[in-house]
Amino acid sequence: MRLMLVVGARPQIIKSAPIIHEAQKHTEIDLQLIHTGQHYDFEMSKIFFDEMTLPEPLANLGVGSGTHAWQTGNMMIELEKIMTKCRPDLVMVPGDTNSTLAGALVAVKLHVPVAHVEAGARSYDMRMPEEINRRLTDHCSSLLFAPTSNCAKNLISEGFARKALRVSGDPMYDALLQHVAAASKIDILKKLGLKSEEYAALTLHRPENVDDSRTLGRILKAIISLKLTTVFPVHPRTRQHLERTGLLARLQENPHIKLVDPLGYHEMLQLAKHSRMVLTDSGGLQKEALWLHTPCITLRERTEWIETTESHANVLVGSNPEKISKAAAKIMRTPEIKTKLNKIKNPFGDGHASQRIISETLKSR
Amino acid sequence: MKTIGATMIIVGTRPEIIKMAPLVRSFKKRKLPFIFVHCGQHYDYNMSQQFIEELKLPKPDFGFKFRAQSQGLQTARILTLAESVVMKAKPKSVLVEGDTNGTLACALATAKLNVRVGHVEAGLRSFDLRMPEEHNRRLVDHLSTYLFAPTEVAKANLVKENVWGTIRVTGNTVIDAVIQHVQLARERSTIMNTIRFKHFALATAHRAENVDDPAVLENLVEAFTHSPIPIVYPIHPRSLKRLRQQKKLRKLSKSGNVQLLPPLGYFDFLTLMKNCDLIITDSGGIQEEATAPVIRKPVLVTRLSTERPEAVAAGFAEVVGLKSKALLSAIERTLDRKRKLPTDSPYGDGKAAEKIVDFLVSEGIA
């Protein structure tokens, strides 16, 4: 079976890694790995390829960043060429990025079946471009791998036939289990002079948080006033805005805010695992925090991973400073919180999602 | 009128131009600001411009003239063009129609800019996922803030898929279009001067599986030459070629019962629809148009199924299949029928466009 897997953004590489390794165990699978080049520079995602010992992609389309339609359109042009040439039997697309949607749209127009990994996640906030990508990719797919039963429920409510759905678990959780041991050997804490449980980890990259200087300033002010050592790996997009608005200088005046370059997967796992709390607007990190038993404060109004909030491991605060400080204070005065989070049942599967995804894909032929 | 905060109306193919025409006219009549965009391929650009003029619609404010050989490339090109035009014109909402690649690309580019998409003719489903249109329709429905469903059946499809936007059953603007365009056709078409018969059935075959299939064509020739009512048949060039190869063309053209015509323009076709006794077709759109009060003709559908169940349920259409015997007996049955056709169309009362504009005004976006 010629299985084409389309990736682009960094989180997609993480969730694809266990699937790629699983596919490599099957001689009947001819894996065609395509990198769209969605993420700024290949270097930024190359570290992930190395850490996760992934094969070189068959092609790197080098599309780069741009407006949504421009990026999606240019990916489609290149993907159509490569799909016409490589004639895959099935195109697998993980996640919810423009690469995901471009892969699904091109495949469906060429009458190639589409399998969506991470199907059925819904934030019900259509202002998020990812929500559009997810929904449309699901509706292009004939094989839908839902990470949780809640995601499957969402799909059923949109009229999908049960026979097209598989509750597979989340391959991102597979990846975490496979890498958490290697991550523990990373000395990122020592490197940054941190003590376990005595700092927070912060990531910010979503347009609604970083594009508007007032919102960005409000969030950062609230975080500075937590008076807690905070490690902030700065996404290139966020850095641009920080520099432009002069907020970068303000952060640098506060020695307890540690600005660092974007981290590799292992470093990020280690950092999140030992932090007192995670503050983020990313989708993947909300789940990773849950799996690492670290409380999470999500700087968004809504989440597609509603499962993480049901157990109170994750709270949604948007960009509201009072909510941010209240949520952080609550975590600070609950020393046993990590032990509590340890006992939460994980709704994202058993760490064998990638095996299920590959075996069901083979059966679908 | 071009102001920021106007409604953008996008058309591409000819059916889209026809079905959006009543909306454009309604915006114009009410003096509501709108931006009219034509997204067409370079090769039919001039023809579309001419058609837009014939319908007495304003000249489009923006036109995309792109070249694309493949479906993916086509979608990609329109995506980029639509994005730039929406960014430039900053409309409050964008109205798209139907189920083409252009419809999808315009809707996707718009939604990603956080501008509201209104889908005219939302909720149609053939449930045949081999058709690219089926994907396009479904995806556009899931992108749209406003879904203008032509019928309750269409609405039920949308409810079943739990679409995110607001659904309104407005009727199909195709009925508005027929009512408005029959007027224009009366002024412009002289086709009736060339028709040899006083009473006739109007026949068409458009679908690839019919125009190219020798067995289907043979059955049509058999039925048309023996029909109890003469047949007027604007013939598709591919069917013509195929019949010539099969040596059946002579039988058809020499038959006193059949008048062959070249492919017709919109106004000539409307005029024939208005003046015939009965329609034999495989087209979905004609099944709808035939129910308009100004046309109101029985339709025999030369297909095995139809995605227009409403026309069948209302008594306008009958699915007769592709065999000459079945078609002949259906023609006889229809001519003998005493029961009158309903006065109302199941696709609306001809005020679909007005209802859509009323809704947009009430939402404060037009």
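The following exercises, each with a worked solution, concern a predicted model with chains A and B.

**Exercise 1. The overall form of chain B**

Task: Determine how the radius of gyration of chain B stands against the globule rule, and describe the fold around that result.

Solution.
- Step 1. Begin with the secondary structure: chain B contains 16 helices and 13 strands.
- Step 2. Compare the two radii. The radius of gyration of chain B is 21 Å, and the globule rule gives 21 Å for 366 residues, so chain B is as compact as a globular protein of that length.
- Step 3. Add the dimensions along the principal axes: the C-alpha atoms fill a box of roughly 60 × 45 × 40 Å.
- Step 4. Consider the interior. Of the 366 residues in chain B, 51% are buried.
- Step 5. Consider the contacts in chain B with a separation of 6 or more: 70% of them join residues 24 or more positions apart.

**Exercise 2. Two helices within chain B**

Task: Classify the arrangement of helices H1 and H7 of chain B from the angle at which they cross.

Solution.
- Step 1. Locate the helices: H1(B) covers residues 14-29 and H7(B) covers residues 173-188.
- Step 2. Note the geometry. Their axes come within 8 Å and cross at roughly 80°.
- Step 3. Apply the cut-off: angles from 65 to 115 degrees count as roughly perpendicular. H1(B) and H7(B) are therefore roughly perpendicular to each other.
- Step 4. Identify the residues that meet. H1(B) contributes Ile18(B), Lys19(B), Ala21(B), Pro22(B), Leu23(B) and Arg25(B), while H7(B) contributes Thr173(B), Val174(B), Asp176(B), Ala177(B) and Gln180(B).
- Step 5. Sort these residues by class: six are nonpolar, two are polar and three are charged.

**Exercise 3. Where chain A meets chain B**

Task: State which helix of chain A gives the most to the side that touches chain B, and describe how H3(A) packs with H3(B).

Solution.
- Step 1. Count the residues in contact: 25 in chain A and 26 in chain B.
- Step 2. Find the contributing helices. H3, H4 (98-109) and H5 (129-140) of chain A each supply at least two residues of this side of chain A.
- Step 3. Select the main contributor: H3(A) gives the most, with nine residues.
- Step 4. Classify the residues on this side of chain A: 12 are nonpolar, eight polar and five charged.
- Step 5. Examine the helix pair. H3(A), residues 68-86, and H3(B), residues 71-89, pack at an angle of about 165° with their axes 8 Å apart. This angle makes the two helices roughly antiparallel.
- Step 6. Record the handedness: the crossing of H3(A) and H3(B) is left-handed.
- Step 7. Name some of the residues involved. Among them are Trp70(A), Met76(A) and Glu80(A) of H3(A), and Leu73(B), Arg77(B) and Glu83(B) of H3(B). By class, the contact of H3(A) with H3(B) has eight nonpolar, six polar and three charged residues.

**Exercise 4. The setting of Gly283(A)**

Task: Decide whether Gly283(A) is buried or exposed, and place this residue in its surroundings.

Solution.
- Step 1. Locate the residue: Gly283(A) lies in helix H14 of chain A, residues 283-291.
- Step 2. Apply the cut-off of 20 or more C-beta atoms within 10 Å. Gly283(A) has 23 C-beta neighbours inside 10 Å and therefore counts as buried.
- Step 3. Extend the view to the helix. Nine of the nine residues of H14(A) are buried, so H14(A) is largely enclosed by the rest of the structure. Lys287(A), Glu288(A) and Trp291(A) are included among these buried residues.
- Step 4. Find the partners. Apart from neighbours within four places in sequence, Gly283(A) is in contact with Glu304(A) and Trp305(A). Trp305(A) is 22 residues from Gly283(A) in sequence, and their C-alpha atoms are 7.2 Å apart.
- Step 5. Look just past the helix: His293(A), just after H14(A), has a positive phi of about 60°.

Terms used
Residues numbered from 1 in each chain as written. Chains lettered and ligands numbered in written order. Predicted model: local features only at pLDDT ≥ 70, side-chain atom pairs only at ≥ 80, totals over all residues. Axes fitted to C-alpha atoms, helices over the stretch in contact; angles between N-to-C directions. Helix = DSSP H or I, 4+ residues; strand = E, 2+ residues; numbered from the N terminus. Parallel < 35°, antiparallel > 145°, perpendicular 65-115°, else oblique. Left-handed = near helix turned anticlockwise from the far one by under 90°. Contact = placed C-beta atoms within 7 Å. Nonpolar A, V, L, I, M, F, W, Y, C, P; charged D, E, K, R; others polar. Rg over C-alpha atoms; globule rule 2.2 N^0.38 Å. Buried ≥ 20, exposed ≤ 12 C-beta atoms within 10 Å, placed from the backbone.
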